[in-house]
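Reader: Hey, I've just opened this one and I'm new to it. Could you walk me through it?

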Amino acid sequence: MSRRSNNVRGPTSALTEFLRESGINPATIARRVATRDPNTTDAQPPPGPSTTNQGGNIDHEQENHDETAAQPTSKRGRNQAAEASGYASDRLDEPEEESPIKKRKSAKGKTTAATKAKAKKKAKEDEDYEGSSEDEYKAVSKSLWSMGGNGGSKPPIGSFEKCSRCEKQFTVTKYTMAANPPPGYLCHQCAKASGVDPFKKTAIPRKRKAAAEKRELISYEERRFPSLASLCIELIGKHIDDVEALGDIGSVNMDEISKSLAKNRGLTPRNAQLFYDVRNEKLRFYDATNLAPLALETLASLNPNLTHLHLDYCGRLTSPVLDGFSGSLPHLTHLTLLGPFLVRSETWIKFFKTRPELRSFRITQSPRFDLECTKSLAENCTKLEELQLKEIAQLNNAFVEPLCALPSLTLLDLSNPDTGIEESGWLQLLERHGSTLASFDPSWHEEFTDEVLHKGIRQYARVLSELNLEGLPSLTDKGVAKFFENWAKPYVTAEQEEDTESGMDVDEGGSSVPFTPNPPLHVLSLARNHHLSSAMLTAVLTHSAPYLVSLNLNGLASLSTESLGQLINAVEMRRLDVSWCREMDDFVMKDVVANMPKLAEVKLWGCSRVRGTGWAGKRGLKVYGIEPNAAS
């Protein structure tokens with residue numbers, strides 16, 4: 001609200017009097033500001049004479065402008081002069097009005113959290129801040145990267161230009177940057193010297209995968225209240241380092257405690273003392289990674305009566321430790337080692353010479369076990385019954401002769417070699433050991449063919465109950481199906497088969513030994529044989545379905561729905577793996593589970609048509625690998 005000017009003047013401060021006497025008034029201050037900063041065109045116009053208002057009428061207050069300019073005695077004039085000079089001594093007793101900046105700040109304080117976050121993000125992106133116009137940051141325009149600052153287009157790539165800074169000629173590339181300030185362009189050296197890397201690529205933020213697109217897996221496992229024994233074992237596993245305070249636990253739950261420690265590699269030289277006893281005859285550690293050579297020597301010294309020793313992940317077992325076993329474990333007859341990488345071949349030979357009573361020898365992943373070690377094993381261990389040479393890199397056809405010199409074996413595992421045994425070698429081995437073999441594993445040998453099945457296993461095997469035929473590329477669907485169809489029949493040669501098909505009589509009385517067919521299998525694995533399909537599975541189930549306990553068909557994508565439906569005949573099944581059998585669905589699984597009352601575990605990885613609807617909640621059944629959104 002404007003006040004009218006009058007001649008009444010009240011008391012004024014010394015500063016106000018000084019400004020009036022010096023001729024400093026709002027008009028002169030406005031002229032100085034306009035002269036000093038001509039670029040502030042957007043600023044609010046200073047107080048001064050104006051001719052017309054918005055409607056074109058004459059401002060009546062400006063009629064007396066000369067009078068008020070010459071004699072700024074009114075309170076409004078004094079306030080304007082004081083505000084222009086930065087002082088307002090006459091307004092000390094009046095309440096201050098809130099400045100626009102304070103009003104903006106108070107208004108900001110009332111905004112919601114979402115508005116604050118949005119404003120903060122925008123301020124960060126634009127790099128805005130409140131400050132003087134002289135210090136305002138001005139980013140380089142993007143046009144300077146493609147233009148010379150004069151609005152022209154960038155010269156074509158491959159042309160020559162002169163650097164505006166070093167004045168050297170250079171070739172224009174897509175990385176050439178315009179000079180700032182323009183005009184002209186900079187060579188790559190001058191561009192880098194200015195603090196900008198023309199070759200630097202903008203980092204593209206990685207797109208986060210939507211939650212709906214993530215792979216979802218469902219496992220069905222019955223949850224029961226833990227037993228008192230399991231709770232005690234879990235408690236012992238947590239406080240295993242206080243082994244001296246645990247007292248006598250007994251040998252019944254020792255194996256369960258060892259399994260519990262293996263879950264987090266908690267077995268150490270200190271708490272391993274819990275498992276040591278001079279009366280021990282069997283000892284198994286499921287993860288011996290933390291047992292140093294000295295701790296393994298202590299194991300042998302404190303358990304002198306061991307007959308069965310099983311060490312998994314024993315990579316720190318060295319040649320001197322194995323030598324110590326020879327003297328400290330005089331009754332050892334069964335030895336199983338996983339990962340004895342450091343034991344040398346001469347140490348194996350020496351060990352076999354001191355162990356003529358060895359009955360079971362199983363090793364996995366021992367790259368230094370060679371042909372000489374096998375010969376020493378055959379010469380010295382004349383009572384051997386079980387042999388496992390798994391993942392032995394040097395295993396080849398030269399091993400056949402010493403392996404045939406071994407006594408009749410009940411278990412033979414020669415899986416996962418580097419080179420492998422040829423077809424003729426397999427026929428020799430089966431002729432020597434086939435009649436006594438109960439478990440046979442030739443997995444991942446390229447030369448294991450259909451002929452080995454017919455002329456080897458079918459002809460010689462009589463008590464075989466466990467057969468692993470994983471990853472054998474030379475097997476065919478027709479050959480495997482024919483093998484299982486004829487396995488229960490007396491073996492005849494190819495010539496006799498031809499005579500039988502032509503109608504001629506075959507003399508079967510030439511052999512004095514009556515024919516004894518091999519009983520149905522209990523454990524069978526045909527995983528990773530991608531050439532096998534429905535004919536094979538039908539023949540397998542016809543031969544062994546009522547007796548099968550474990551069946552692995554992992555990776556056999558060619559199996560049809562009809563052949564998979566025949567699994568209902570395997571009523572004794574406990575473990576079933578049909579992963580990556582694409583035709584398996586909920587209808588088949590519902591019938592299979594209903595006809596297998598003892599089924600405890602089923603694996604269904606990669607079966608996109610299985611959802612677990614109507615069957616997966618069976619009590620006592622563990623289901624792994626169901627992907628409910630795989631086909632969506």
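Author: Sure, one term to begin with: contact means heavy atoms within 4.5 Å. This is a predicted model, so local features need pLDDT of at least 70 and side-chain atom pairs count only at pLDDT 80 or more, while totals for chains, interfaces and linings use all residues. Residues are numbered from 1 along each chain as its sequence is written, and side-chain values use heavy atoms, with hydrogens and water left out.

Reader: OK, so which residues is Leu604 in contact with, neighbours within four places aside?

Author: Val578, Ser579, Met584, Met589, Val610, Trp615, Val623, Tyr624, Gly625 and Ile626.

Reader: And which residues have the most contacts inside the largest nonpolar core?

Author: Phe361, Ile457, Leu604 and Trp615, in a core of 112 residues. A nonpolar core here is a set of buried Ala, Val, Leu, Ile, Met, Phe, Trp, Tyr and Cys residues joined through side-chain atoms within 4.5 Å. Buried means under 20% relative accessible area, exposed means over 50%, and partly exposed is in between (1.4 Å probe, protein chains only). Helix H20, residues 534–544, gives the largest share of this core, with five residues.

Reader: How are helices picked out?

Author: They are DSSP runs (H or I, at least four residues), and strands are too (E, at least two), numbered from the N terminus. The chain has 22 helices and 18 strands.

Reader: How much of the chain is buried?

Author: Of its 632 residues, 35% count as buried. Contacts also reach along the sequence: among those with a separation of 6 or more, 68% are between residues 24 or more positions apart.

Reader: New topic. What does UniProt place at residues 157–195?

Author: An unreviewed entry there lists "domain: DNA repair protein rhp7 treble clef". UniProt positions are given in the numbering used here, feature names are shortened, and annotations may be inferred rather than shown by experiment. In the model, residues 157–195 are 15% helix and 26% strand, with the end C-alpha atoms 23 Å apart.

Reader: How many salt bridges are there?

Author: Twelve, counting a side-chain nitrogen of Lys or Arg within 4 Å of a carboxyl oxygen of Asp or Glu. One of them joins Asp255 and Lys259, at 3.9 Å from N to O.

Reader: Where do Asp255 and Lys259 sit?

Author: Both are in helix H10 (residues 254–262), and because they are four residues apart, about one helical turn separates them. Asp255 is partly exposed at 31% relative accessible area, and Lys259 is partly exposed at 35%.

Reader: Which pair links distant parts of the chain?

Author: Arg284 and Asp312, which are 28 residues apart. Arg284 is in strand S6 (residues 282–285), and Asp312 is in the loop between strand S7 (308–311) and helix H12 (319–328). Their closest N and O atoms are 3.4 Å apart in a salt bridge.

Reader: Buried or exposed, what does Asp312 count as?

Author: Asp312 counts as buried, at 10% relative accessibility, while Arg284 is partly exposed at 33%.

Reader: What about Arg359 and Glu385, how far from N to O?

Author: 3.3 Å, in another salt bridge. Arg359 lies in the loop between helix H13 (345–353) and strand S9 (360–364), and Glu385 in the loop between helix H14 (371–380) and strand S10 (386–390), so the pair ties together parts 26 residues apart in sequence.

Reader: Which residues do shared partners join into one network?

Author: Glu583, Asp585 and Arg609, through salt bridges.
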